[in-house]
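Please open the structure in your viewer and keep the selection tool at hand. We will walk through it one stop at a time.

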Amino acid sequence: MKKLIALLLALVMVFALCACGASTETGKTEPAKTESEPAKTESEPAKTESEPAKTESEPAPAEGKVFNLYAWNEEFIGFLKAYYAVEKDGDWYLPDGVTKINFVITPSDNGAYQQKLDEALLAQADAADNDKVDLFLAEADYIQKYAESEYTQDITAIGVTDFSNMYKYTVQAASDENGVVKGVSFQCCPSALIYRRSIAKDVLGTDDPAEVQSLLDSWDKFNAVAADAKEKGYYMTASFAETYRPFSNNCTTPWVNENNELQFDDQILAWIEQTEVFCENGYTLADSGIWDQPKNDQMFADGKTMCFFGPAWYFNFCMGNAQDPEKGCIGDWAICEGPAAHFWGGTWMMAPAGTDNAEAVAEIMNLFTNNEEVCSKLVTEQAQFSNNMAVNAKYAEDPNFGSEFLGGQNPVAVFSAMTDNIKWENHTIYDQACNEDLQNNLQQYFQGLVDKETALNNYYLALQEKYPEIVTP
Amino acid sequence: MGNKLKTRKKGISYAKWGYIFILPFFITYIIFTLTPQIMTIYNSFFENYRNGLKQVGPNFVGLKNYIALFTPDKTGTIGMLKYFGNTMILWLMGAVPQIVVALLLAVFFTSYRLNIKGQQFFKTVIYMPNLIMAAAFSMLFFTIFSTVGPINQILLAKGIVEKSVNFLGIKVSVRILISLMNFLMWFGNTTILLMAGIQGIDQNMFEAAEIDGASSLQVFFRVTLPLLMPILVYTVITAMIGGLQMFDVPQVLTNGKGTPDRASMTMVMYLNNYLGTSKNFGMAGAISVILFLISAGLSFFVYGSLTKQYKK
């Protein structure tokens with residue numbers, strides 16, 4: 001009898017242990033489930049509607065009750081909340097008031113956003129309806145990776161068919177090799193030279209955009225002015241990587257060729273050469289990356305930096321310090337094309353294959369690209385440069401339209417004139433790693449911490465860790 | 001009949017219940033430690049990574065991953081050795097002061113002659129840094145020592161430096177910061193362990209030594225230290241294994257880059273690089289296996305050398 005009890009106890013212990021092991025596994029899926037739970041319970045009508053969706057054998061599954069949106073920051077989410085989604089008890093829903101929008105935000109640093117997104121996309125086929133990615137955002141640097149994969153779908157099939165008003169490069173970027181369009185962008189991102197009027201007056205003797213442009217329309221002129229600015233106690237730019245995009249966007253060869261070999265375009269070499277001089281002579285801040293605090297501090301009224309580079313999203317979303325009501329300098333800015341035409345970034349909305357909310361996906365895509373009213377609001381209320389040529393043309397010609405931040409200048413007119421020069425070519429799926437790691441590793445060289453050879457070698461190491469297939473020099 | 005009695009007598013052994021009761025541990029160990037370990041070794045012989053969204057492998061490649069790890073790069077450095085060196089330097093810089101200070105504090109706190117009041121308070125305070133998440137602690141140091149952080153502002157305001165110092169760009173200062181953080185986080189823990197060890201020593205020993213006229217130093221080296229040795233060895237070995245696996249503090253402080261010139265990149269950070277974008281389980285597995293061999297080897301070495309002179 002004693003033996004029996006002891007055996008029983010031992011078995012119970014072992015069983016409890018196994019149960020523990022099992023529960024940790026199911027525990028993983030638990031949070032996702034609970035997140036979706038409130039959507040069902042909070043709104044009464046949803047409760048009844050969600051019932052049929054639950055049975056998986058249903059031949060035509062009803063639209064999922066959770067709309068999963070993957071993003072790396074709040075920019076687009078802000079627009080979505082302003083013009084599309086509806087709020088209920090602190091949560092956001094699609095206009096049907098039933099489907100809850102689940103924002104999954106992962107910062108893009110070091111490829112973290114892509115890693116998170118990749119895991120979700122690879123698991124998409126087996127995921128429950130409420131866990132499926134319904135819409136995700138992608139940036140110019142890696143959009144190709146998704147556009148050319150089987151994890152995105154043809155948006156013309158779900159109801160986005162009119163691309164006539166969009167800028168051509170934004171459609172090319174989201175298409176695969178066969179020209180199948182997989183997504184759209186709500187913005188067009190020609191990148192301008194954003195300069196401080198007061199400093200330009202001191203250095204160049206004028207703050208008029210046309211005159212400033214004529215004084216800074218080539219790299220030779222730009223470099224010469226940098227020396228003048230330094231003499232007067234100013235910085236030309238506020239980050240060693242500030243001029244990276246104007247150069248890299250004009251590359252004539254891709255980062256990685258068809259033999260998987262890494263290659264340096266002349267434009268990249270030119271950037272390195274220029275930055276060497278800029279850092280050595282103190283024309284820029286070698287210690288500051290493009291997103292770092294020292295650069296952002298330069299945007300305050302007491303900043304000493306004349307030039308920044310960026311598209312519409314940059315000065316309205318990333319130059320918060322300049323817009324600070326107390327320490328900022330609203331109105332002391334203006335834009336012109338600068339030494340080299342280029343674009344920077346841009347956010348595309350991509351349609352993942354297997355979404356259970358295809359209708360809503362198409363609705364959102366059409367709303368932010370083809371709906372004149374919303375696109376106009378993007379321009380007037382959000383200071384965006386929309387991806388709708390008709391809307392942009394309307395504001396470009398409007399003499400009363402101007403930006404308070406830019407001292408009354410009409411940014412839409414400037415950007416519209418720049419769009420013809422934007423090309424989408426020489427992009428690879430490796431671009432983000434190539435661009436980000438090059439900047440990170442060369443910074444140490446520009447700061448004088450390591451020699452050039454070491455910095456480049458560290459760049460190769462970092463690339464090989466991320467993409468073993470790339471053959472480095 | 002007699003025979004039957006005999007076997008029955010033999011059967012009354014409670015040892016097997018002991019085995020059954022420790023069974024849960026072994027089952028857990030096999031599921032959560034041994035299996036992953038064997039899988040890691042197995043995986044290290046395969047080419048298995050992701051190129052963008054495309055999966056490559058797994059293909060059996062033999063020792064290729066290990067050979068790649070020990071192949072010198074263009075500048076002639078062998079990555080694996082460099083990161084092992086970094087790890088050991090960072091560990092020694094933090095662990096040596098950690099154990100010395102912890103030993104001193106433990107002796108002070110347990111000394112009946114000093115009889116320090118408010119022990120509970122001090123114990124809590126020195127243990128406190130361990131309660132902060134390493135990542136948060138690292139973030140805090142990152143902010144304090146950044147080029148626009150408070151330390152630089154103070155130095156600039158006092159006129160000690162003319163231009164802000166890039167603490168996170170200089171090899172020595174980055175290493176000192178990492179070691180300092182590890183020291184601050186762990187010396188309290190070690191102190192409490194060693195105090196428990198000292199309190200476990202018979203008080204009569206100390207009294208007897210004193211009556212015999214031993215000085216405090218003599219008591220420490222001849223009585224406390226030898227009797228504390230088992231605990232001390234345990235402390236050193238656990239600290240070392242922890243040190244070899246150093247990751248969170250340097251990862252957050254240098255944003256995963258091991259700046260400058262990968263001089264603060266530890267072995268686990270290196271491993272983590274392979275688990276990021278490329279999900280390169282082959283290379284990561286090979287690094288793990290080497291890390292395991294090093295940990296095992298060093299543990300034997302430390303155990304052997306520290307216990308040798310006190311054996312018998």
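Start by colouring the two chains differently and looking at where chain A and chain B touch: this contact takes 34 residues from chain A and 32 residues from chain B. Keep in mind along the way that you are looking at a predicted model.

Stay on the side of chain A that touches chain B, and select the elements that give two or more residues to it: helix H1 (2–42), helix H4 (112–122), helix H12 (293–297), helix H18 (431–446) and helix H19 (452–466) of chain A. Which of these elements gives the most to that side? The answer is H19(A), with 7 residues. Now try colouring this side of chain A by residue class, and you will find 14 nonpolar, 12 polar and 8 charged residues.

Next, move within chain A and select strand E5, residues 133–139. Is E5(A) mostly covered or mostly open? Mostly covered: 7 of its 7 residues are buried. Add its partners to the view. Strand E1 (residues 66–71) of chain A pairs with E5(A) in the parallel sense, over 3 bridges. To see the two strands facing each other, pick A:Leu69, which stands opposite A:Leu135 of E5(A). Strand E11 (residues 347–350) of chain A also pairs with E5(A), here in the antiparallel sense and over 4 bridges. For this pairing, click on A:Phe136 and look for its bridge partner, A:Met350 in E11(A).

Still in chain A, select helix H17, residues 411–418. This helix is mostly covered too, with 6 of its 8 residues buried. Show the side chains of A:Pro411, A:Val412, A:Val414, A:Phe415, A:Ser416 and A:Met418, which are the buried ones. What do they pack against? Bring up strand E7 (190–196), helix H13 (312–318), strand E9 (333–336), helix H15 (372–380) and helix H16 (389–396) of chain A, and you have the surroundings of the buried residues of H17(A).

Now cross over to chain B and select helix H2 (residues 15–43) together with helix H13 (residues 281–308). Their axes are 7 Å apart, and the two helices pack at an angle of about 120°. That angle makes H2(B) oblique to H13(B). Turn the view until one helix lies in front of the other: H2(B) passes H13(B) in a left-handed crossing. On the H2(B) side, the contact is made by B:Thr40, B:Ile41 and B:Asn43, and on the H13(B) side by B:Phe281, B:Gly282, B:Gly285, B:Ser288 and B:Val289. By class, the residues of this contact are 3 nonpolar, 5 polar and no charged.

For the last stops, look at the backbone of chain B. Zoom in on the loop between helix H11 (248–253) and helix H12 (267–275) of chain B, where B:Pro260 lies. A cis peptide bond joins B:Thr259 and B:Pro260, with omega at about -10°. In the loop between H11 and H12 of chain B you will also find B:Asp261. B:Asp261 is not a glycine, yet its phi is positive, at about 50°. B:Asp261 counts as buried because it has 21 C-beta neighbours inside 10 Å.

Finally, select B:Lys279, in the loop between H12 and H13 of chain B. Phi of B:Lys279 is near 45°, again a positive value in a residue other than glycine. With 17 C-beta neighbours inside 10 Å, B:Lys279 counts as partly exposed.

Terms used: Residues are numbered from 1 along each chain as its sequence is written. Chains are lettered from A and ligands numbered from 1 in the order in which they are written. This is a predicted model: local features need pLDDT of at least 70, side-chain atom pairs count only at pLDDT 80 or more; totals for chains, interfaces and linings use all residues. A residue is buried if 20 or more other C-beta atoms lie within 10 Å of its own, exposed if 12 or fewer, and partly exposed in between; C-beta atoms are placed from the backbone. Two strands pair if DSSP finds at least two bridges between them. Two residues are in contact if their C-beta atoms, placed from the backbone, lie within 7 Å. Axes are lines fitted to C-alpha atoms, for helices over the stretch in contact, and angles run from 0 to 180 degrees between N-to-C directions. Angles under 35 degrees count as roughly parallel, over 145 as roughly antiparallel, 65 to 115 as roughly perpendicular and the rest as oblique. A crossing is left-handed if the near helix is turned anticlockwise from the far one by less than a right angle, and right-handed if clockwise. Ala, Val, Leu, Ile, Met, Phe, Trp, Tyr, Cys and Pro count as nonpolar, Asp, Glu, Lys and Arg as charged, and the others, Gly among them, as polar.
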